[in-house]
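I opened this entry to look up side-chain contacts, aromatic and charged, and to note how far the residues involved are shielded from solvent.

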Amino acid sequence: SPEEIRGLVDEELGLLDPRIYSDQDLYELELERIFARSWLLVCHEGHIPNPGDYITTYMGEDPVIVVRQRDRSIKVFLNQCRHRGMVIERSTYGNAKSFTCTYHGWAYDIAGNLVNVPFEKEAFCDKKEGDCGFEKADWGPLQARVDTYKGLVFANWDAKAPPLIDYLSDATPYMDVMFDRTEAGTEVITGMQRTVIPCNWKFAAEQFCSDMYHACTMSHVAGVVSSLRPDQDLSDVKLPVTGNQFRAAWGGHGTGWFNDDFSLLYAIMGPKVVDYWTKGPAAERAQVRLGNKLPANRMVAQHMTIFPTCSFLPGINTVRTWHPRGPNELEVWSFIVVDADAPAEIKDEYRRMNIMTFNQGGTYEQDDGENWVEVQRVLRGHMARSRPFCASMGVGKPNANNPDFPGKTSYVYGEEAARGMYHHWSRMMSEPSWETLRP
Ligand code: FES
């Protein structure tokens, strides 16, 4: 019941019922209430630059084709043949004039219209001749709504959901730190990397939304230490202590960052990338561009999630969608972006450093995955699901709002943004109508 679902998240005390990460019935409801109603990241515009370019991906567990049209608009439709349900396109990406189902040969144009049915005349009676008739126009795949924000392509199945720009709420200035540094926009410098992690999608989404805590207290410390100069004195290495977290006014989006302390970003990305990101003409130009929104040049090692499954790390520049695969598994689909007008050597350095850090084989990605997999494994136990998890950092503390940054901010080592994410999760799960959910 809605009351029972709301009882799984106690926002006031910061308590989370662990069953939200492992229960099959809740997962089925997530597919319906969250993944069939939210704006989901499907790719970057740079993945499909030319008419006919397509990528096959997912919205929740539903396979979709994302395809650039001749008028340069983008369509997203269910990758499911209306005849007997085979996927329409089996390859991951390419350029197509049409899509032909490999089961019986029904063919669809790039807009998703059914245009050819083998033996149509011989096998079907004409619609004009009675109710049994067949009309190709009735048998196109389900179309999703599509919109873009600064190069990111989002899709949504729900006709009643708010427009993307309203859905993003007051989180856009924080997205712009990464996606709007230059009028040239961002460019994808890799394809799509895919990994399976046996854990619930919310562990990953929540960490990118709200959790700087793990990075400097424990999980990534070994990675940081291993990237120090051999002659560096460890006693000189200090944990960053100043920073903030932002909780969106609506929608469950969140982000966090350190203020002015570049040590963590140096350790992850090295001096070339950090100098490009924080000093020199490109950084100065970015600050002028973003200056009326927020002091981007002070923000370091930022993490961010747009609810539910679009996450990214400004400065490191990895972007990913956490595709759910049941309550106990997710698929990471990730890519790297850079300022489109960055020098070639900087683009290559971003590629190289991401491979070493936030990539399938990257040190930091594996630190994170190891934690999430172990937590999920523990949740197989009956008793392990019997007591709430603690998400109460910051509850009852004096207001730490930083007036230098827009919206509701708090201290960087906190869980205010996580509570915002689970508050929105709980509302989406328990409120069936957009009439009450709308921003
Ligand atoms: Fe696609 Fe039959 S399932 S043509």
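I began with W257, which has a relative accessibility of 0% in this predicted model and therefore counts as buried. F405 is buried as well, its relative accessible area being 3%.

I then searched the whole structure for aromatic pairs and obtained 23. For W257 and F405 I noted ring centres 4.8 Å apart and planes at 50°, so I entered the pair as tilted. I placed W257 in strand β16 (residues 254–259) and F405 in the loop between β21 (389–390) and β22 (408–411), so this pair ties together parts that lie 148 residues apart in sequence. I also recorded one aromatic cluster, formed by Y21, F203, F389 and Y422.

Next I looked for charges over rings. I found R37 over the face of W434, at 5.7 Å from the ring centre, and R194 over the face of W333, at 4.9 Å from the ring centre.

I turned to salt bridges, of which a search of the whole structure finds 28. One of them joins R247 to E11, with the closest N and O atoms 2.7 Å apart. R247 belongs to strand β15 (residues 243–247) and E11 to the loop between β1 (9–10) and β2 (15–16), so the contact ties together parts 236 residues apart in sequence. I noted R247 as buried, with a relative accessible area of 12%, whereas E11, at 27% relative accessibility, counts as partly exposed.

I also looked up K150, which forms a salt bridge with D180 at 3.3 Å between the closest N and O atoms. K150 sits in the loop between β11 (143–149) and β12 (152–156), and D180 in the loop between α5 (172–179) and β13 (186–188), so this pair ties together parts 30 residues apart in sequence. I noted K150 as partly exposed, its relative accessible area being 30%, while D180 counts as buried at 9% relative accessibility.

Within a helix, I noted that the side chains of E349 and R352 meet in a salt bridge of 3.2 Å, N to O. Both residues lie in helix α11 (residues 344–356), 3 residues apart, which is about one turn of the helix. E349 is buried, with a relative accessible area of 9%, whereas R352 is partly exposed, with a relative accessible area of 39%.

I finished with shared partners: salt bridges that have partners in common join E11, R247, K408, E416 and R419 into one network.

Terms used: Residues numbered from 1 in each chain as written. Predicted model: local features only at pLDDT ≥ 70, side-chain atom pairs only at ≥ 80, totals over all residues. Heavy atoms only, no water. Phe/Tyr/Trp six-rings, centres within 6.5 Å; stacked < 30°, edge-to-face > 60°. Helix = DSSP H or I, 4+ residues; strand = E, 2+ residues; numbered from the N terminus. Buried < 20%, exposed > 50% of the residue type's maximum accessible area, 1.4 Å probe, protein only. Lys NZ or Arg CZ within 6 Å of the ring centre and 35° of its normal. Salt bridge = Lys/Arg side-chain N within 4 Å of Asp/Glu carboxyl O.
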